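Me: I would like to go through the terms used for this model one at a time, setting each value against its cut-off. Please start once the structure is in view.

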Amino acid sequence: GYRKVKTRCTKELHTIFVSRQSAFPSLLKRAKRELKEAETLILKSTGPAMNVLVQLIIELQSLYNHSLVVDCETGSVILHDKPNSQDVDESAERTLSSLTARITKRKMIDTTD
């Protein structure tokens with residue numbers, strides 16, 4: 001099955017964490033709902049889920065007739081894996097790519113004066 005889409009909301013930021021197990025229709029529905037409530041939506045993903053995030057951005061741009069401003073930032077995060085056996089004291093470190101997208105509704109200019 002699919003995992004529930006994680007959302008963290010504050011007054012200023014509406015954030016959705018995208019994983020590769022997230023159901024795409026659920027992500028799209030949640031993103032559209034968040035964009036109705038807020039001017040800015042933050043989408044975050046790591047590793048293989050970055051492809052899902054890019055697909056979500058493309059779909060949102062299409063639905064909103066390219067009226068969204070998208071700023072993307074790439075980076076990396078360090079993961080500390082727990083050891084597999086109790087004999088090993090140290091945790092293994094690995095680096096994973098990350099993608100953060102800030103989606104903002106474009107302000108429409110009123111030209112009817």
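Reply: Let me begin with accessibility, where buried means under 20% relative accessible area, exposed means over 50%, and partly exposed lies in between, using a 1.4 Å probe and protein chains only. This is a predicted model, in which local features need pLDDT of at least 70 and side-chain atom pairs count only at pLDDT 80 or more, while totals for chains, interfaces and linings use all residues. Residues are numbered from 1 along each chain as its sequence is written, and side-chain values use heavy atoms, with hydrogens and water left out.

Me: Why is His 66 called exposed?

Reply: His 66 has a relative accessible area of 55%, and the term applies over 50%, so His 66 is exposed. Asn 65 is likewise counted as exposed because its relative accessibility is 65%. Asn 65 is placed in the loop between α2 and β4, and His 66 lies in the loop between α2 and β4 as well; helices (H or I, at least four residues) and strands (E, at least two) are DSSP runs, numbered from the N terminus.

Me: What makes the phi of Asn 65 worth a remark?

Reply: Most residues other than glycine have a negative phi. Asn 65, which is not glycine, has a positive phi near 50°, and the phi of His 66, also a residue other than glycine, is positive and near 60°.

Me: Why is Ser 98 called buried, and what is it in contact with?

Reply: The relative accessibility of Ser 98 is 13%, and the limit for the term is under 20%, so Ser 98 counts as buried. Ser 98 lies in strand β5. With contact meaning heavy atoms within 4.5 Å, and leaving aside neighbours within four places in sequence, Ser 98 is in contact with Ser 45, Thr 46, Met 50, Glu 73, Thr 74, Gly 75, Ser 76 and Val 77.

Me: What makes Leu 79 partly exposed?

Reply: Leu 79 has a relative accessible area of 24%, a value that falls in between the two limits of 20% and 50%, and therefore Leu 79 is partly exposed. Leu 79 is found in strand β4 (residues 68–81), and, leaving aside neighbours within four places in sequence, is in contact with Ala 92, Glu 93, Arg 94 and Leu 96. Leu 79 and Ala 92 are 13 residues apart in sequence and 8.1 Å apart in space, C-alpha to C-alpha.

Me: Why is β2 said to be largely enclosed by the rest of the structure?

Reply: Four of the five residues of β2 are buried, so β2 is largely enclosed. The corresponding statement holds for β3, because five of its seven residues are buried.

Me: How do you know that β2 and β3 pair?

Reply: Two strands pair if DSSP finds at least two bridges between them, and β2 and β3 have five bridges, in the parallel sense. In β3, Ile 42 is the bridge partner of Thr 15, and Lys 44 is that of Phe 17. The chain crosses from β2 through α1 to β3 in a β-α-β crossover that is right-handed, a word used if, with the strands pointing away from the viewer, the path from the first strand over the helix to the second runs clockwise. On the count of bridges β3 and β5 also pair, since seven bridges join them where at least two are needed; these strands run antiparallel, and Ser 45 stands opposite Leu 99 in β5.

Me: What makes a set of residues a nonpolar core, and which members touch the most others here?

Reply: A nonpolar core is a set of buried Ala, Val, Leu, Ile, Met, Phe, Trp, Tyr and Cys residues joined through side-chain atoms within 4.5 Å. The largest such core has 17 residues, of which Leu 43, Leu 60 and Ile 103 touch the most other members. Elements that give two or more residues to this core are β2 (14–18), α1 (24–37), β3 (40–46), α2 (49–63) and β5 (92–105), and α2 gives the most, with five residues.

Me: Where in the chain is confidence lowest, and where is it highest?

Reply: With pLDDT as the predictor's confidence in each residue, from 0 to 100, the lowest mean is 53, in strand β1 (residues 6–9), and the highest is 96, in α2. The mean for the chain is 83, and 77% of its residues reach 70 or more.
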